[in-house]
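Thanks for coming. I will take a few minutes on one structure, and it is on the screen now.

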Amino acid sequence: WLTCEEYLGGLLDFTGEVGRLAVAKATTRDEAAVVAYLSLIDDMAARLLVLDPRHPALRKKQGALQATASKIQRLVYELSLSRGSALMGARIKAATAQASTRPLERADGGADAGGDEGM
């Protein structure tokens, strides 16, 4: 049989495994999975707040839980940044492609077909 402390220690160790899984999913850009793991960690952290913070073994593991939550929060933030930069890159690419299909305009308002007619 497990003691309560062993059981809670195992739960807190489990959160470290969830953190490693979140990192693995972040490398594949699976933002939905990372957000789900963050939700799980946040839920567990909230439920474990009722524990006696003076218990040395659990306090150490709760510190690791907090570090895991922070790491996953950073992952979610970084994934949102990369999603935003990818979207911006796609917009720039589309604008560049659209601009390259239009003829150039001369300063006098006429279209320039690329020739040197006035020189």
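Let me start with Thr68, which is buried, because its relative accessible area is 12% and the cut-off for buried is under 20%. This is a predicted model, so please hear every value in this talk as computed from that prediction. Thr68 sits in helix α3. What does Thr68 touch, once residues up to four places away in sequence are set aside? The list is Thr15, Gly16, Gly19 and Ile41.

Now some context for that residue. The protein has three helices and two strands. Reading from the N terminus, their order is α-α-α-β-β. Of the 119 residues in the protein, 23% are buried, and Thr68 belongs to that buried part. As for contacts, take those between residues at least 6 apart in sequence: 68% of them join residues at least 24 apart.

Next, the packing of α1 and α2. Their axes are 9 Å apart, and the angle between the two helices is about 160 degrees. That makes α1 roughly antiparallel to α2, because the cut-off for that term is over 145 degrees. The crossing of α1 and α2 is left-handed. Which residues make the contact? From α1 there are Leu8, Leu11, Leu12, Phe14, Thr15, Val18, Leu21, Ala22, Lys25 and Ala26. From α2 there are Ala33, Val34, Tyr37, Leu40, Ile41, Met44 and Leu48. By type, this contact of α1 with α2 consists of 15 nonpolar residues, one polar and one charged. Two of the names should sound familiar: Thr15 and Ile41 are in this contact, and Thr68 touches both of them.

That leaves the charged side chains. Side chains of opposite charge can pair when their charged atoms come close. How many salt bridges does the model have? The count is three.

I will begin with Lys61 and Asp13, whose closest N and O atoms are 2.7 Å apart. This pair links distant parts of the chain, with the two positions 48 residues apart. Lys61 is in helix α3, residues 56–101, and Asp13 is in helix α1, residues 4–27. Are the two partners buried or exposed? Neither term applies: Lys61 is partly exposed at 27% relative accessibility, and Asp13 is partly exposed at 42%.

Another bridge joins Arg20 and Glu17, at 2.6 Å from N to O. Both residues lie in helix α1, three residues apart, which is about one turn of the helix. Arg20 has a relative accessible area of 51% and is therefore exposed, since the cut-off is over 50%. Glu17, at 46%, counts as partly exposed.

The remaining bridge is between Asp43 and Arg47, with 3.0 Å between the closest N and O atoms. Here both partners are in helix α2, residues 31–48, and they are four residues apart, again about one turn of the helix. Asp43 is partly exposed at 36%, whereas Arg47 is exposed at 59%.

To recap: Thr68 of α3 is buried, α1 and α2 are roughly antiparallel, and of the salt bridges, the one from Lys61 to Asp13 links α3 with α1. I will stop there.

Methods:
Residues are numbered from 1 along each chain as its sequence is written. This is a predicted model: local features need pLDDT of at least 70, side-chain atom pairs count only at pLDDT 80 or more; totals for chains, interfaces and linings use all residues. Side-chain values use heavy atoms; hydrogens and water are left out. A salt bridge is a side-chain nitrogen of Lys or Arg within 4 Å of a carboxyl oxygen of Asp or Glu. Buried means under 20% relative accessible area, exposed over 50%, partly exposed in between (1.4 Å probe, protein chains only). Axes are lines fitted to C-alpha atoms, for helices over the stretch in contact, and angles run from 0 to 180 degrees between N-to-C directions. Angles under 35 degrees count as roughly parallel, over 145 as roughly antiparallel, 65 to 115 as roughly perpendicular and the rest as oblique. A crossing is left-handed if the near helix is turned anticlockwise from the far one by less than a right angle, and right-handed if clockwise. Contact means heavy atoms within 4.5 Å. Ala, Val, Leu, Ile, Met, Phe, Trp, Tyr, Cys and Pro count as nonpolar, Asp, Glu, Lys and Arg as charged, and the others, Gly among them, as polar.
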